[in-house]
Amino acid sequence: AVGSTIKTIGLPYFKKLKIAVPSIDEQTRIAQILSTWDKSIEKLESLIAAKQKRKKALMQQLLTGKKRFAGFEKPWKKEKLGDIFSKITNGLTYDTDAMTGLPVTRIETISTGKINYAKVGWAPTEENTIRFALQRGDILYSHINSLKHVGRVAIYCAEQPLYHGMNLLLLRANEKVVPEFIFHILNSKVGKKYAKSYAKSAVNQASISTTDVKSFKINIPEIKEQQKIASVFASADKEIETNQKQLFVLKQQKKGLMQQLLTGKKRVKIDESEQMTAVGA
């Protein structure tokens, strides 16, 4: 390939490229094997997409009170976030170039809507860092980001020790609410709408002040109904996560097969009946 910015291969050179190929019968068999994996992958991807769509529809119904579970009839109450969180604070300021110490959150840590431990910063192993330790159920809120991503949230499930770093707000629920329920509210269309309406845009980013976050008003049901709703979403998330892990395994298996079959490291057997069928066709 040549070119300084965009690399290209000229047609004459492309035609001269040489690859090792087996017989037509073996090519056909290899293609059939890989097609089988492709179909399994496509089927699982469709299943995941359908479950995500169903969860999204459920969120629209359950988080707005349009759909209620049997036995829950009490009206929902409108509360300010400042009244249902015991703590809404900024995080620890640290040296972003540090490569060792204790893991601290940064904007990239929640870029997918989940805690990504591969994308953390590092702060000194000292008392000042330790006091920023996250607790199970803490919600991380992106209050400084691009307008598209401002308001992004993730909930800490305590899989690994983690500390609260700068550029993300920590929201810690009080006894009035279930953290998982509030996380889903903030991660829903309602929460995103609040974020966009309160965000103050600059040249390359938008921001929401702590005061504005505290003033957000949301409708919440009694604790037991919050728990019920949160459990439904937890089950849905678990199913989707299981399927996503299965999908990853399938893709890795196909990748390994391709490496073996398309290089001739692993050969497939072609029996006489298959050869005769191919020749007759």
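This is a short walk through a few features of the structure above. The model is predicted, so to be clear on the filters: local features need pLDDT of at least 70, side-chain atom pairs count only at pLDDT 80 or more, and totals for chains, interfaces and linings use all residues. Residues are numbered from 1 along each chain as its sequence is written, and side-chain values use heavy atoms, with hydrogens and water left out.

I'll start with helix α2, residues 24-62 (helices are DSSP runs of H or I, at least four residues, and strands are runs of E, at least two, numbered from the N terminus). The expected span is 1.5 Å times one less than the number of residues. For the 39 residues of α2 that gives 57 Å, and the end C-alpha atoms are 56 Å apart, which agrees. Its buried residues include Ile30, Ile33, Leu34, Ile41 and Leu44, and also Lys51 and Lys55. Buried means under 20% relative accessible area, exposed over 50%, partly exposed in between, with a 1.4 Å probe and protein chains only.

Next, Glu79. This residue lies in strand β1, residues 77-80, and counts as buried at 17% relative accessibility. Leaving out residues up to four places away in sequence, Glu79 touches Ile84, Lys176, Phe216, Lys217, Ile218 and Ile220, where contact means heavy atoms within 4.5 Å.

By contrast, Tyr13 in helix α1, residues 11-16, is exposed at 62%.

Last, the sheet. Three strands form an open sheet in the order β6-β10-β9, with antiparallel pairing; strands pair if DSSP finds at least two bridges between them. β6 (144-145) and β9 (200-201) are at the edges with a single partner strand each, so one side of each has no neighbour in the sheet. Ile144 stands opposite Ser207 in β10.
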